[in-house]
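Visitor: I am new to this structure and would like to learn how to read it. Could you take me through it feature by feature?

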Amino acid sequence: MTVPVVDMRGISVEFPGVKALQEVDFRLFPGEVHALMGENGAGKSTLIKALTGVHPLAAGEIRYAGEPVAFTAPAQAQAAGISTVYQEVNLCANLTVAENILLGREPRKFGRIDGRRMRARAAELLARIGLHIDPGSVLESHPIAVQQLVAIARAVAVDARVLVLDEPTSSLDADEVAELFRIIRVLRDEGVAVLFVTHFLEQVYEISDRITVLRNGRLVAEHPTAALSRIDLVSAMLGREMGLLEEIERRSGTPGQAFLVAEGVGRKGSVAPFDLEIRSGEVVGLAGLLGSGRTEVARLLFGADKADSGRILVNGKPLRLTGPRAAIEAGVAFSSEDRKAEGIVADLSVRDNLILAMQAARGWARPVPRKLADELVAKYIELLDIRPADPDRAVGNLSGGNQQKVLLARWLVTQPKLLILDEPTRGIDVGAKAQIQKVVADLAAEGMAVLFISAELEEVVRVSDRVVVMRDRQKVAELDGDVGVDDVMALIAGGGDHGVDHGVEKAVAS
Amino acid sequence: MKNRLLWPVLALVALLILNVVVTPTFFSLRLQDGHLYGSLIDILRNGAPTLLIALGMTLVIATRGIDLSVGAVAAIAGAVTCTHIAAGGNPWVAMGLALALCAVLGLWNGFLVSVLGIQPIIATLVLMTAGRGIAMLITEGQIVTVDSPVYRQVGAGFLVLPIAILISLAVLGLVALVTRRTALGLLIESVGVNPSASRLAGVRARTIIWTVYVFAALCAAVAGLMISSNVSAADANNAGLWIEMDAILAVVIGGTSLAGGRYSLTGTLLGALIIQTLTTTVYTIGIKPEITLVFKAVVVIAVCLMQAPVRVRVGGRVRGKQGVPA
Amino acid sequence: MVAPEVGAVPAKSPGSASRSARSRGRVNVPKRFLPVIATFVVFVATFGVGSVRYEGFASGQVMANLFIDNAFLIVLAVGMTFVILTGGIDLSVGSVVALSTMIAAAALQAGWPAWLVVITVLATGSGLGLAMGWVIHRFGVQPFIVTLAGMFLARGLCFVISVESVSIKDPTFRDLATGSIELPGGVTITYGVVIALVAVLAAVYVLHLTRFGRTVYAVGGSETSARLMGLATTRVKIGVYVISGFCSALGGLLFSLYMLSGYSLHAVGMELDAIAAVVVGGSLLSGGVGFVIGSVVGVLVLGTIQTLISFEGTLSSWWTKIVIGALLLAFIALQRIIVRRT
């Protein structure tokens with residue numbers, strides 16, 4: 001290969017209290033498609049933002065086209081030829097396609113925008129990527145996939161040498177992805193360096209030439225795609241932390257009755273219809289990569305999103321899931337993966353956060369008595385080891401692990417029959433992680449049903465009695481608890497290179 | 001919490017000191033015929049309607065809302081009461097009617113905001129515009145004067161202290177009690193701070209929002225009764241004109257953010273007092289009373305800048321959580 | 001926006017909701033013209049009702065009077081449209097109108113030449129707008145509060161100049177005010193109408209044919225995106241308040257021609273009329289959607305209702321407010337339906 005167009009050496013980025021990236025090296029060559037892989041919190045977005053000047057570097061050096069650079073704003077990086085297309089289309093849906101492509105550098109005559117020339121130029125750029133739509137049409141009149149392609153047209157309109165695509169495919173269907181890939185290949189053949197972030201392994205193997213894997217802010221591996229098997233890729237992404245945590249004692253008791261049964265529950269564009277049975281006193285693990293549909297399953301079961309097919313039975317009776325309240329009344333609790341946006345109420349105290357669900361269920365007129373609240377708070381602060389042990393502290397000031405424990409406690413005080421935990425251990429320290437795992441095991445031993453979602457396979461396999469595997473928004477397998485991490489990993493990786501496909505089908509059929 | 005109230009307290013203290021310097025007898029109170037008189041009493045009495053409306057507004061703003069229609073609602077309350085009394089009705093029944101009608105108007109606002117999901121500022125703009133028309137419809141465009149000793153008590157009566165002050169303080173106490181003794185305060189703040197988390201925790205946001213708009217309308221109604229009772233007349237055009245702006249200012253000066261979330265009733269009380277004291281101060285230090293508005297503008301800007309989300313540090317660098325796209 | 005909606009807790013997760021909402025957006029272009037078309041239909045309908053019911057209503061002069069009586073409001077609505085398109089709001093316009101009439105009247109009384117008065121008034125209005133825009137941008141205080149303070153300030157400054165009404169006796173102003181232009185068909189209009197129409201044309205030009213104007217729409221559509229696209233969002237966010245201030249001052253000058261006096265209590269509540277005209281004209285208060293022409297038609301609708309009610313005679317003036325409130329509601333509902341379908 002030639003000289004890298006982007007060469008990042010020893011990059012570290014720090015946020016208050018967090019080392020988001022630690023000494024990461026990254027290279028990008030002209031005319032290659034380079035996939036950047038990693039789970040949530042691995043540092044993919046941070047690396048991109050470090051490159052485009054959104055985040056300042058704590059350490060390290062960036063060379064662009066051989067010269068050291070230090071962009072301080074995305075506009076600078078863009079002017080230099082590094083264009084970024086984000087997952088959420090960052091265009092103005094209320095403007096026309098031509099304006100979205102050219103605004104800021106539109107052709108002008110005496111300060112007046114030359115509409116005709118602008119549309120002509122836009123049409124040229126659209127033609128370059130083979131997209132034939134009316135440049136004068138309003139952007140929001142097009143489906144999201146086309147909007148994404150328009151964003152790419154804008155990105156390459158500046159003669160970009162580097163094109164960063166941050167999860168551009170997460171909302172596209174197969175045909176749309178194919179169209180996108182066709183365009184990526186056109187650009188690659190023109191010598192553009194493409195940095196591609198996605199969660200879909202199929203796509204990585206289809207389009208990329210090289211793969212860089214990050215995990216927990218560190219560089220794990222950089223390989224030519226052809227030299228990295230799926231199983232190795234998944235294992236690099238998910239990592240293995242064997243031996244770090246104490247072994248959780250597996251319970252010997254048999255699980256009780258089926259508490260919740262989902263029959264053909266699904267939602268178009270979110271997750272394909274699936275069957276699932278969760279029994280009292282068992283922990284069901286949900287394994288899969290980000291974007292595999294694992295979170296969507298949880299949201300459907302809780303009524304946070306509405307299913308458009310299938311039905312849910314609780315204790316054998318059909319449940320009309322009109323929303324979270326219906327689920328809560330049926331004894332289902334759900335702790336979202338997005339702690340900040342959908343979990344904590346940051347400005348309120350630990351006490352208020354802890355009793356929120358209980359209070360919501362009682363209605364405003366029947367407050368949780370102060371004495372009871374204090375008892376509950378004291379109990380759970382001790383039980384879950386919430387620190388600092390100050391009930392009046394605003395929960396936003398606690399560390400991630402302790403916030404997570406407060407959220408766990410919020411649901412435990414309502415004594416649910418089924419507890420759905422979506423990535424309860426993400427981004428928290430090892431100690432807190434072990435504590436949460438132990439609590440989950442204890443709860444199940446006391447008869448609670450738990451649906452446990454985690455990106456860490458070790459963890460899923462260790463705490464679960466059964467493991468459900470998700471891939472590409474489908475349930476692909478259901479395995480017994482004594483399954484090995486490697487088996488699950490093979491199922492998640494899918495593909496043919498390890499001969500696991502056969503096993504998948506069998507598992508699905510069973 | 002304490003920190004948030006620092007600037008309003010300082011502003012109020014500064015205003016009071018200024019008054020004492022100019023008028024040494026500013027703090028003196030005298031008892032005459034069992035009625036308490038004095039500059040401080042005047043401030044409290046004149047500020048009573050604003051305080052009432054600001055209390056309702058505080059809860060609305062805490063849920064990320066705003067209610068522009070309170071001035072019009074106040075006018076309607078006065079109009080209904082005076083028209084009914086003028087037609088020979090019982091003043092108690094008249095006031096009851098007014099409160100009931102205004103509760104319905106609050107339900108209407110709450111319906112637009114919580115059920116139809118219309119932005120609060122536009123949803124309440126409808127009633128702000130139409131409300132004065134409705135008030136004039138009720139009074140048939142006249143200024144309806146009444147002669148009812150019972151009704152006069154609401155705004156101009158005394159029970160050692162002016163009754164208007166007692167009503168406002170009673171409502172303040174009631175709100176404080178209800179929001180703290182029930183879970184209403186907690187749920188209002190939780191909806192205001194993080195609506196999606198609240199929804200997932202099972203909070204009935206719709207009921208909460210509906211409740212605060214009804215409460216705001218009721219506060220406005222009582223304030224409207226005070227205003228109209230004070231002059232024993234209903235003026236559909238001018239009663240409660242711009243009082244929604246004063247109320248919003250009182251809330252904001254009191255440290256409750258227009259972005260919703262944590263609210264402070266004490267802050268709102270301080271805010272209302274600052275606004276009223278300012279008006280009085282301008283008068284006592286001998287500036288033309290009409291110019292009060294200029295001072296109001298200056299105080300608003302000063303207090304808001306002190307509490308602005310983006311602070312200016314020494315050296316002029318601007319800090320804030322703006323600018324970093326998620 | 002000043003007060004983000006809280007009631008609109010969607011039944012789906014935010015992400016999936018917006019995604020599916022967008023991907024279904026195959027409705028074609030006319031959608032964004034729909035509210036403006038609706039406004040126009042309402043205008044034609046109200047005017048039609050008047051023509052059928054009252055003799056002499058459907059005359060060119062009644063139509064021309066609509067413009068004459070509302071010239072200042074048209075200019076205000078133009079400025080307000082800019083602000084609302086970015087998702088802001090300007091509550092100060094009515095007070096700035098009053099301040100402008102006051103400055104004009106007082107300066108003319110003091111013997112200033114008319115041209116200097118005009119420049120002073122326009123500069124004051126623009127300066128106030130600049131100051132408000134700067135505070136909004138720099139300190140992140142909500143536009144609602146800042147322009148509310150601006151409203152108090154401008155109204156207070158009026159009283160500083162004079163508490164009494166000051167009449168305008170300057171011959172230039174009087175000539176401008178009383179002068180009329182004869183159009184074919186015996187219809188006459190005032191110079192104020194011409195100025196208002198020029199302002200409208202200028203606004204249309206700026207909004208649709210300059211980078212500034214397109215950035216106004218971009219900021220209203222998505223400020224984050226606009227910034228990531230490298231557009232001059234700061235300049236636009238402050239600039240719209242300058243434009244609104246300028247338009248208020250210009251509207252104030254027209255108003256002083258109309259009233260031939262400066263008075264502190266002129267134009268009380270006119271900001272609400274301007275906002276109502278913009279909303280009835282089909283703009284979204286959340287920004288990004290709307291047209292100046294819509295706002296102009298919005299003003300005409302409000303004017304027609306007023307004319308209708310004055311023609312009716314038996315109907316009292318307060319019906320105007322109730323009808324405007326109902327219209328506001330109807331248009332908000334219409335917008336909701338369109339947005340939901342998107």
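Visitor: Over how many bridges do strand β1 of chain A and β2(A) pair, and in which sense?

Guide: Strands and helices here are DSSP runs numbered from the N terminus, with at least two residues for a strand (E) and at least four for a helix (H or I), and two strands pair if DSSP finds at least two bridges between them. Strand β1 (residues 6-15) of chain A and β2(A) pair in the antiparallel sense, over seven bridges. Within that pairing, A:Val6 has A:Leu28 in β2(A) as its bridge partner.

Guide: Before we go on, please keep in mind that this is a predicted model, in which local features need pLDDT of at least 70 and side-chain atom pairs count only at pLDDT 80 or more, while totals for chains, interfaces and linings use all residues. Residues are numbered from 1 along each chain as its sequence is written, chains are lettered from A and ligands numbered from 1 in the order in which they are written, and side-chain values use heavy atoms, with hydrogens and water left out.

Visitor: In which order do the strands of the open sheet with β2 and β1 of chain A lie?

Guide: This open sheet has four strands in the order β2-β1-β4-β5 (chain A), with antiparallel pairing. At its edges are β2 (18-28) and β5 (67-69) of chain A, each of which pairs on one side only. On average, neighbouring strands of this sheet are turned by 30 degrees against each other, direction ignored; axes are lines fitted to C-alpha atoms, for helices over the stretch in contact, and angles run from 0 to 180 degrees between N-to-C directions. Helix α1 (residues 44-51) of chain A packs on the sheet and touches β1, β2 and β4 (59-64) of chain A, its direction making about 115 degrees with that of β1(A); contact means heavy atoms within 4.5 Å.

Visitor: Which strands of chain A are the edge strands in the sheet ordered β14-β13-β16-β17?

Guide: That sheet is also open, with four strands and antiparallel pairing, and its edge strands are β14 (271-279) and β17 (317-318) of chain A. Strand β13 (residues 258-267) of chain A pairs with β14(A) in the antiparallel sense over six bridges, and the bridge partner of A:Val265 in β14(A) is A:Phe274. Helix α9 (residues 294-302) of chain A lies across β13, β14 and β16 (309-314) of chain A and runs at about 65 degrees to β14(A).

Visitor: How should I read a hairpin, and how many residues lie between β1(B) and β2(B)?

Guide: The hairpin of β1(B) and β2(B) has two residues between the strands, and B:Asp33 in the turn has a positive phi of about 55 degrees. Strand β1 (residues 29-32) of chain B and β2(B) pair in the antiparallel sense over four bridges, with B:Arg30 opposite B:Tyr37 in β2(B). In a regular strand the side chains alternate between the two faces of the sheet. Strand β2 (residues 35-38) of chain B has B:Leu36 and B:Gly38 on its covered face, and B:His35 and B:Tyr37 on its uncovered one.

Guide: Chain A offers another hairpin, that of β21(A) and β22(A), with two residues between the strands and a positive phi near 50 degrees at A:Asp472. Six bridges join β21 (residues 466-471) to β22 (residues 474-480) of chain A, which run antiparallel, and A:Arg466 stands opposite A:Asp480 in β22(A).

Visitor: Why is helix α8 of chain B described as largely enclosed by the rest of the structure?

Guide: Buried means under 20% relative accessible area, exposed over 50%, and partly exposed in between (1.4 Å probe, protein chains only). Helix α8 (residues 184-193) of chain B is largely enclosed because ten of its ten residues are buried. The cover over these buried residues includes α12 (350-362) of chain A, together with α2 (39-62), α7 (163-181), α9 (195-200) and α10 (205-231) of chain B.

Visitor: What is the mean pLDDT of chain B, and how far should I trust such a value?

Guide: pLDDT is the predictor's confidence in each residue, from 0 to 100. The mean for chain B is 86, and 93% of its residues reach 70 or more, but pLDDT stays under 50 over residues 311-326 of chain B. Where pLDDT is low, the predicted coordinates should not be read in detail.
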